[in-house]
Amino acid sequence: MRTISIDSNMSAKIKNGKKSFYQKEVPTTFPSITPGEWFVLNSDVDSWLAYGNPFTKDTPTLWIMSNESIEPISFIKQRIQFALRLRAGCYKNEGQRIVYGQSDNLPGLIIDTYKDHTFIQINTAGMDRYRKEIKEILNEIYPAKKNYFLDRKKYREAESLPEFNQEWNEDELVTIIDSGITYQLPIGRMQKIGFYFDHRDNRNKFESYLSNEEIIKTKALDLFSYLGSWGLQAARAGCKSVDFVDQANFEDIILSNMKKVSSGADATFHHQDVFKFLDQAMKDGLYWNVVICDPPAFCKSIKQKQQAISGYKKLYSRIFRLLSAESTLVAASCTKYISLEELTNIVENEARQAGKSLVLRDIGIQAKDHPIASLKDNANYIKYALYRVE
């Protein structure tokens, strides 16, 4: 590895905790680097392991990895082993995220493990340079599992990363175990890296609330349902019927799991755009007493934040007109640039517009396998608010 000298200003920023530098933040005196190159940054006193990519689009150009001058593969292996120890007591015998990018000091590397599979997603050039070695590390850790790369073109485009031939067959089934529910999903139908473990703790708190509180829970509505995790747990907690809505068709998986989770509950899947479904439901005068709203991210950059706020307002203005007199609402979000306070402000304002009163019963962040350093951490993106509505 090369050693690159840096000035006192850049050194001070790193010592104060700065972990990444965008192109405009890199000193003009910084030498040119090749995509994915690892090097040692050296000041008069300190040194750090780092890697970079000069061809990034809206992502950092330099990542600071460690204050040790360690060989990259040894560093990556140590960090993966540390990530596993951090999660050793989490969700035993169930699937989970075992590497969460920058939170595990491995920016651009996401790894999720399931019953028989492990999926690796790489989104930075520095990690992509060692994709073969990362695969070998996973094969050592999980020799009995099928360890696949699940590259997503749209995430790799930000660093101009190449496309590779997929290693798996689209019809190959993945067994996902979460909160005591088993899902079987073909790889070709997986979203992102497979399953949304990030809301697991919130789903479990929601199920506990439905099971233990004296509330009406005859009809539930699971919006943006994907595999139906929220709605299935609502049924397990005693909801008599659940409507699932998603623009992708997961009817077969949801109905099959409903029979296993709650033989006494009815399930109906609506293969439809959520906004169109809500508009039609208002015209038809339909009502639910449990509604879960967990949409995909409404924006991917801070520039689109106002667009996301408008989307949430549009969504909850409809939802509150479909809630019965006494009901339960889950307002969930994975939009990074919308804070919990902003989300709850939107929900509460729309409730007032609809003549509803709210009691906030619970809030939450992401599950333990998606660690964060603080509430201000960029990796802190999950929001959950549970309301009693009257």
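Is Asn93 buried or exposed? At 77% relative accessibility, Asn93 counts as exposed. The model discussed here is predicted. This briefing covers an open sheet of 5 strands, a helix that packs on this sheet, and two loop residues with positive phi values, Tyr91 and Asn93.

**Sheet**

- The strands of the open sheet follow the order β1-β3-β4-β5-β2, and their pairing is mixed.
- The edges are occupied by β1 (2-5) and β2 (20-21); each has a single partner strand, so one side of each lacks a neighbour in the sheet.
- Strands β3 (residues 37-42) and β4 (residues 47-52) are paired in the antiparallel sense, with 6 bridges between them.
- Phe39 has Ala50, in β4, as its bridge partner.

**Helix on the sheet**

- Helix α2, formed by residues 72-86, packs on the sheet and touches β3, β4 and β5 (62-66).
- The direction of α2 makes an angle of about 95° with that of β3.

**Loop between α2 and β6**

- Tyr91 is located in the loop between α2 and β6 (96-100), and its phi is near 50°, a positive value in a residue other than glycine.
- Tyr91 counts as buried because its relative accessibility is 13%, and buried means under 20%.
- Asn93 is likewise placed in the loop between α2 and β6; phi of Asn93 is near 70°, again a positive value in a residue other than glycine.
- Asn93 counts as exposed because its relative accessibility is 77%, and exposed means over 50%.

Note on methods:
Residues numbered from 1 in each chain as written. Predicted model: local features only at pLDDT ≥ 70, side-chain atom pairs only at ≥ 80, totals over all residues. Heavy atoms only, no water. Pairing = 2+ DSSP bridges. Helix = DSSP H or I, 4+ residues; strand = E, 2+ residues; numbered from the N terminus. Contact = heavy atoms within 4.5 Å. Axes fitted to C-alpha atoms, helices over the stretch in contact; angles between N-to-C directions. Buried < 20%, exposed > 50% of the residue type's maximum accessible area, 1.4 Å probe, protein only.
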